[in-house]
Structure formats: C-alpha cells, structure tokens
Amino acid sequence: FHRGARTMLNPVFSRTSRQGGSSLIEVLVAIIVLSVGMLSMLWAQTKSMGFERTAEFRNIAAQIASDYADRIRANLNVDKGVARGDRANAYLYTAGYDPTVNIPPYSGPDCLKGTVICSHYDIARFDQQEVRRQARNSLPGGDLFVIKNASGDAIDIWVLWKQPNVPGLDDDSLSSDRFCPRNVQGNNHRPQCLQLGVKL
C-alpha cells in the first residue's frame, strides 16, 4: 500500500524509472550494433589485405617466371651445334618441393665473365640456380618446378611458394595449390603455383 500510494502521489517518480530502464536498453542495443559493425569492418579489412598480399605474390611469381623464360629463349640460340630440345632439357627441374631446404649458390664457371667460355649446359645451370635463389629471396619458400609439356614442344615453368599462415591468407579461396602439378608436392608441403609456358 505504501509503494502504491507513493506512485499515485508521485507520478513523476514512476515515469522517470521507466525512462531510465528504456535508456539502458537503448544503450545496450547501440553497443551491440556498433560491435557487429566494427567486427564486420575488421573482417572486410582482413580479407582485403589477404587479396592484396596474394596478388602481390602472384605478380612477383609472374616476373620470376618471365625472367626464367627469357633466359631459356636466349640460351636456345647460343650453341647451334646442340639441338634446341637438348639445350632446353638443361633447364628442367623436377625435384620435390621443400621450402625448408636452402638453395645453394651456383658453383660452376662464372658465365658472366668474358674470360670464361661456358657451354649451353653451364649457362642453363647458372640461370636455374640464380632464378631459384631469386624466387626463394622474393617469395616465402619460393622455388621452381620446370617440366616439358605432354607434347614435348614447350616447357612449363611453375613458380612455387608457401602461403604464410597469417590472418587474411588462410582462406581457401585465395589458395592456388589446386593448380599445381600432382608430382610437385614433396615431403607433404603444399605450395602455391603460378605457371608460364615457353614454346620451343
């Protein structure tokens, strides 16, 4: 009776209590909406960074593959006494992919010096080792996988790298490992792949 009498005698008190409760609910709803919006923006930014990083890796891989292709084309015209197919074979590299193994520097004759005469094979070994080390230094776990195509009239250059395990790059839609040749995977490592063909 006392509480009811207080409400009847003081209607302002009752209205103020209801308004205070409504304001608290509105604040909680606003916080929830704001939190969802912030999380959505963070997710979108992470995805955007993943796409940008993947595009950067593929652009670097394309430059490396183009460099190796130019070296192959240049060497095909060096030694006319050797068939083009044999000169191209020196550029093949079919070892299993393992980003944990260091790529050693080239140890043959220095073909960049004018005082050294290098065969097509020496030049190919030099080019291959230089480009493999370039791939390793430019991409995470970068390397090459180079084979002849099924018809034997072209060389397929595959630039390989390892997708970093960081937020934004852990989305399967960004992975290009499904495009890799089946025999490129070694020691259970699954690389990312970009392919470029060179007509012989």
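Is C180 buried or exposed in this predicted model? At 10% relative accessibility, C180 counts as buried, because the cut-off for that class is under 20%. The views below start from the whole chain and return to this cysteine.

**View 1. The whole chain, with four helices and three strands.** The model is predicted. Read along the sequence, the elements follow the pattern α-α-α-α-β-β-β. The chain has 200 residues, and 34% of them count as buried. About 12500 Å² of the chain is exposed. Carbon and sulfur atoms supply 57% of that area. Consider the contacts in the chain with a separation of 6 or more: residues 24 or more positions apart account for 65% of them.

**View 2. Helix α4, residues 120-138.** This helix has 19 residues. From its first C-alpha to its last it reaches 27 Å, close to the 27 Å expected at 1.5 Å a residue. Its buried residues include the hydrophobic-lettered positions I123, F126 and V131. Charged-lettered positions are on the list too, among them D122, D127, R132 and R136. H120, A124, Q128, Q129 and A135 are also buried in α4.

**View 3. The open sheet, in the order β1-β2-β3.** Three strands make up this sheet, and their pairing is antiparallel. β1 (143-148) and β3 (192-199) stand at the edges. Each has a single partner strand, so one side of each is left without a neighbour in the sheet. The twist averages 20° from one strand to the next. Strands of a sheet pair through backbone hydrogen bonds, either parallel or antiparallel.

**View 4. The β1-β2 hairpin and its turn.** β1 and β2 run antiparallel and are joined by six bridges. Five residues lie between the two strands. G152 sits in the turn, with a positive phi of about 80°. Two cross-strand positions help to set the register. L144 stands opposite V159 in β2. V146 stands opposite I157 in β2.

**View 5. Strand β2 and its two faces.** How many of the eight residues of β2 are buried? Eight of the eight are, so β2 is largely enclosed by the rest of the structure. A154, D156, W158 and L160 point one way from the strand. I155, I157, V159 and W161 point the other way. Residues of both sets are buried. In a regular strand the side chains alternate between the two faces of the sheet.

**View 6. The β2-β3 pairing.** β2 (residues 154-161) and β3 pair in the antiparallel sense over eight bridges. W161 stands opposite Q192 in β3. V159 stands opposite L194 in β3. V159 also has L144 opposite it, on the β1 side of the pairing.

**View 7. The disulfide between C180 and C193.** The structure holds one disulfide. The sulfur atoms of C180 and C193 are 1.8 Å apart. The pair links distant parts of the chain, 13 residues apart. C180 lies in the loop between β2 and β3, and C193 lies in strand β3. Which hand does the disulfide have? The torsion about the S-S bond is about 110°, so the disulfide is right-handed. C193 is buried, with a relative accessible area of 6%. C180, at 10%, is buried as well.

**View 8. P164 and N183 in the loop between β2 and β3.** P164 has its place in this loop, and N183 is found there too. P164 counts as partly exposed, at 22% relative accessibility. N183 is exposed, with a relative accessible area of 53%. The reason for the two labels lies in the cut-offs: exposed means over 50%, and partly exposed covers the range between that and the buried class. Each residue can be placed against a position elsewhere in the chain. P164 and G141 are 23 residues apart in sequence. Their C-alpha atoms are 9.4 Å apart in space. N183 and A95 are 88 residues apart along the chain. Their C-alpha atoms are separated by 9.1 Å.

Conventions: Residues numbered from 1 in each chain as written. Predicted model: local features only at pLDDT ≥ 70, side-chain atom pairs only at ≥ 80, totals over all residues. Heavy atoms only, no water. Expected span 1.5 Å × (residues − 1). Buried < 20%, exposed > 50% of the residue type's maximum accessible area, 1.4 Å probe, protein only. Pairing = 2+ DSSP bridges. Axes fitted to C-alpha atoms, helices over the stretch in contact; angles between N-to-C directions. Contact = heavy atoms within 4.5 Å. Areas by Shrake-Rupley, 256 points an atom, 1.4 Å probe, with all protein chains shown as cover. Disulfide = S-S within 2.5 Å.
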